[in-house]
Amino acid sequence: LLQDRLRDLNREEAAEILRAYTVKDLVKFAESISLSVKRSGPKEVIVGQISNHFGFRHLNVKMEQRPNMKR
């Protein structure tokens, strides 16, 4: 599944994979994961919206794993 492939990637890696898909496929995928995308926008905008969704999830996981800072 595409969603499983994107889950552990950062934003740039996810965008690279998504560029191989058509706009129609990207819109369908976004709908399947309940993500709202700009359907009439250029492909790169849709790729950006989806890759941001997965990239920020990846970033949040990384932030949770870092050790606590001492102040």
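Helices here are DSSP runs of at least four residues in state H or I, and strands are E runs of at least two, numbered from the N terminus. Keep that in mind as you look around this predicted model.

**Stop 1: the whole chain**

Start with everything shown as a cartoon. By that assignment the protein chain has four helices and zero strands, and from the N terminus on its elements run α-α-α-α. Turn the view along the principal axes: the C-alpha atoms fill a box of roughly 50 × 20 × 20 Å.

Now switch on a surface. The protein chain exposes about 5,300 Å², with carbon and sulfur atoms supplying 51% of that area. Of the 71 residues, 31% are buried. If you display contacts between residues at least 6 apart in sequence, 44% of them join residues at least 24 apart.

Colour by charge next. There are 14 positive and 9 negative charges, and their mean positions lie 4 Å apart. Side chains of opposite charge can pair when their charged atoms come close. How many salt bridges does the structure hold? There are three, and the next stops visit each of them.

**Stop 2: arginine 7 and aspartate 4**

Select helix H1, residues 2–7, and show the side chains of arginine 7 and aspartate 4. These two form a salt bridge, with the closest N and O atoms 2.7 Å apart. The partners sit three residues apart in the helix, so about one helical turn separates them. Arginine 7 has 33% relative accessibility and counts as partly exposed; aspartate 4, at 42%, is partly exposed as well.

**Stop 3: glutamate 44 and arginine 19**

Move on to glutamate 44, which forms a salt bridge with arginine 19; here the closest N and O atoms are 3.0 Å apart. This pair links distant parts of the chain, 25 residues apart. Glutamate 44 belongs to helix H4 (residues 43–65), while arginine 19 is in the loop between helix H2 (11–18) and helix H3 (23–32). Are the partners buried or exposed? Glutamate 44 is partly exposed, with a relative accessible area of 45%, and arginine 19 is partly exposed at 40%.

**Stop 4: arginine 39 and glutamate 31**

Select arginine 39 and glutamate 31 for another salt bridge, whose closest N and O atoms are 2.1 Å apart. Check the surface on both sides of the pair. Arginine 39 has 52% relative accessibility, and the cut-off for exposed is over 50%, so arginine 39 counts as exposed. Glutamate 31, at 43%, is partly exposed.

**Stop 5: serine 34**

Now look at the backbone of serine 34, in the loop between H3 and H4. What is notable about the phi of serine 34? The angle is near 60 degrees, a positive value in a residue other than glycine. With a relative accessible area of 71%, serine 34 is exposed.

**Stop 6: asparagine 68**

Finish in the segment after H4, where you will find asparagine 68. This residue is exposed, with a relative accessible area of 77%. To close the tour, draw a distance from its C-alpha atom to that of leucine 9: the two residues are 59 apart along the chain, and their C-alpha atoms are separated by 24 Å.

How values were computed
Residues are numbered from 1 along each chain as its sequence is written. This is a predicted model: local features need pLDDT of at least 70, side-chain atom pairs count only at pLDDT 80 or more; totals for chains, interfaces and linings use all residues. Side-chain values use heavy atoms; hydrogens and water are left out. A salt bridge is a side-chain nitrogen of Lys or Arg within 4 Å of a carboxyl oxygen of Asp or Glu. Buried means under 20% relative accessible area, exposed over 50%, partly exposed in between (1.4 Å probe, protein chains only). Contact means heavy atoms within 4.5 Å. Accessible areas come from the Shrake-Rupley method with a 1.4 Å probe; for residues, only the protein chains shown count as cover. Lys and Arg count as positive and Asp and Glu as negative; His and the chain ends are not counted. The place of a charge is taken as NZ of Lys, CZ of Arg, CG of Asp or CD of Glu.
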